[in-house]
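Biologist: Hi! I'm new to this one, could you walk me through it?
Modeller: Happy to, let's pull it up.

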Amino acid sequence: NRTELLTAAHEFRDRGIPVDAIVQDWKYWGDLGWSPQWDEHIYPDPGSMVAELHEMHFHFMVSVWCKFENASAYLEPLRKDGELLKHTNWLDIFQPSAQASLYSFANTSMYSVGVDALWLDATEAEGLPNFDKTVFPYGINQSGVSSNSLLNLYSLAVTGGITNGLAEDYPSQRPFHLTRSFSTGQQRTSGVLWSG
């Protein structure tokens with residue numbers, strides 16, 4: 001939670017422990033469901049927390065996934081707009097509109113409050129129920145392909161969508177993403193592989 005995170009940051013600073021970045025992994029959304037949103041009971045004012053970390057010369061990274069559980073805020077609108085892979089709660093990240101939605105969610109909840117970078121986790125699409133099955137990216141039945149052929153490309157599309165949004169909204173910011181999966185060409189999207 002916010003108190004524990006800031007206490008640890010102060011301790012690192014006071015002990016002279018060299019730390020460049022602090023990473024907030026999952027569950028910062030609390031009971032709101034798996035989605036890029038701060039639970040106000042755990043993190044009542046994420047913007048001021050990030051500002052305090054910056055004052056201590058820490059960068060701050062947050063884990064963001066492309067799967068969603070919060071029905072009203074995310075799942076229902078994404079499903080209505082056809083931006084989820086069919087029968088899943090995972091973004092159909094191959095659609096430009098889904099990439100734009102992911103960036104919009106990340107910008108609203110993370111970048112706009114000063115978060116420096118994202119850990120784009122599970123970009124191999126962990127637990128994707130369509131493994132070894134035919135899927136229909138872009139929601140077009142005629143484009144049915146093996147989901148296995150898309151798994152490496154999923155990460156490329158995730159990091160590309162975030163990088164494209166950053167280039168438009170924060171052109172002077174150097175993008176950096178930690179990602180759990182990688183594809184040929186992904187280096188151009190500022191994705192750095194964490195082997196998971």
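Biologist: How close do the axes of α1 and α2 come, and at what angle do they cross?
Modeller: This is a predicted model, to say that up front. In it, the axes of α1 and α2 come within 11 Å and cross at roughly 5°. The two helices are therefore roughly parallel to each other.

Biologist: Which residues make the contact?
Modeller: From α1 you have R2, L5, L6, A9 and H10, and from α2 there are S48, M49, E52 and L53. Sorted by type, the residues of this contact are five nonpolar, two polar and two charged.

Biologist: Thanks! Now the core: which residues touch the most other members of the largest one?
Modeller: Those are L53, F60, L91 and Y154, in a nonpolar core of 47 residues. The elements giving two or more residues to this core are α1, α2, β2, α3, α4, β3 and α5. As background, nonpolar side chains tend to be buried together in soluble globular proteins.

Biologist: What does Y154 touch?
Modeller: Leaving out residues up to four places away in sequence, Y154 touches C66, L85, W90, L91, I93, F94, T123 and A125.

Biologist: Changing topic, how many salt bridges are there in the whole structure?
Modeller: A search of the whole structure finds three. One joins E11 to R15, with the closest N and O atoms 3.5 Å apart. E11 and R15 sit four residues apart in helix α1, so about one helical turn separates them.

Biologist: Are E11 and R15 buried or exposed?
Modeller: E11 is partly exposed, at 38% relative accessible area. R15 counts as exposed, at 60%.

Biologist: And what does D14 pair with?
Modeller: D14 meets R13 in a salt bridge, at 3.0 Å from N to O. D14 is exposed, with a relative accessible area of 58%, while R13 is partly exposed at 41%.

Biologist: What about D121, which residue does its side chain meet?
Modeller: D121 meets R180 in a salt bridge, 3.3 Å from N to O. D121 is in the loop between β3 and β4, and R180 is in the loop between β6 and β7, so the pair ties together parts that are 59 residues apart in sequence.

Biologist: Is that pair buried or exposed?
Modeller: D121 is buried, and R180 is buried too.

Biologist: Let's talk backbone. What is phi of A122 near?
Modeller: Phi of A122 is near 60°, a positive value in a residue other than glycine. For context, most residues other than glycine have a negative phi. A122 is in the loop between β3 and β4, and it is buried, with a relative accessible area of 0%.

Biologist: And where is H57, and what is its phi near?
Modeller: H57 lies in the loop between α2 and β2. Its phi is near 70°, again a positive value in a residue other than glycine. H57 is exposed, with a relative accessible area of 68%.

Biologist: One last spot, Q173. Where does it lie, and what does it touch?
Modeller: Q173 is in the loop between α5 and β6, and is partly exposed at 26% relative accessible area. Not counting residues up to four places away in sequence, Q173 touches Y111, D116 and L166. Q173 and D116 are 57 residues apart along the chain, with 9.0 Å between their C-alpha atoms.

Biologist: Lovely, thanks for the tour!

Notes: Residues numbered from 1 in each chain as written. Predicted model: local features only at pLDDT ≥ 70, side-chain atom pairs only at ≥ 80, totals over all residues. Heavy atoms only, no water. Salt bridge = Lys/Arg side-chain N within 4 Å of Asp/Glu carboxyl O. Buried < 20%, exposed > 50% of the residue type's maximum accessible area, 1.4 Å probe, protein only. Core = buried A, V, L, I, M, F, W, Y, C linked by side-chain atoms within 4.5 Å. Contact = heavy atoms within 4.5 Å. Axes fitted to C-alpha atoms, helices over the stretch in contact; angles between N-to-C directions. Parallel < 35°, antiparallel > 145°, perpendicular 65-115°, else oblique. Nonpolar A, V, L, I, M, F, W, Y, C, P; charged D, E, K, R; others polar.
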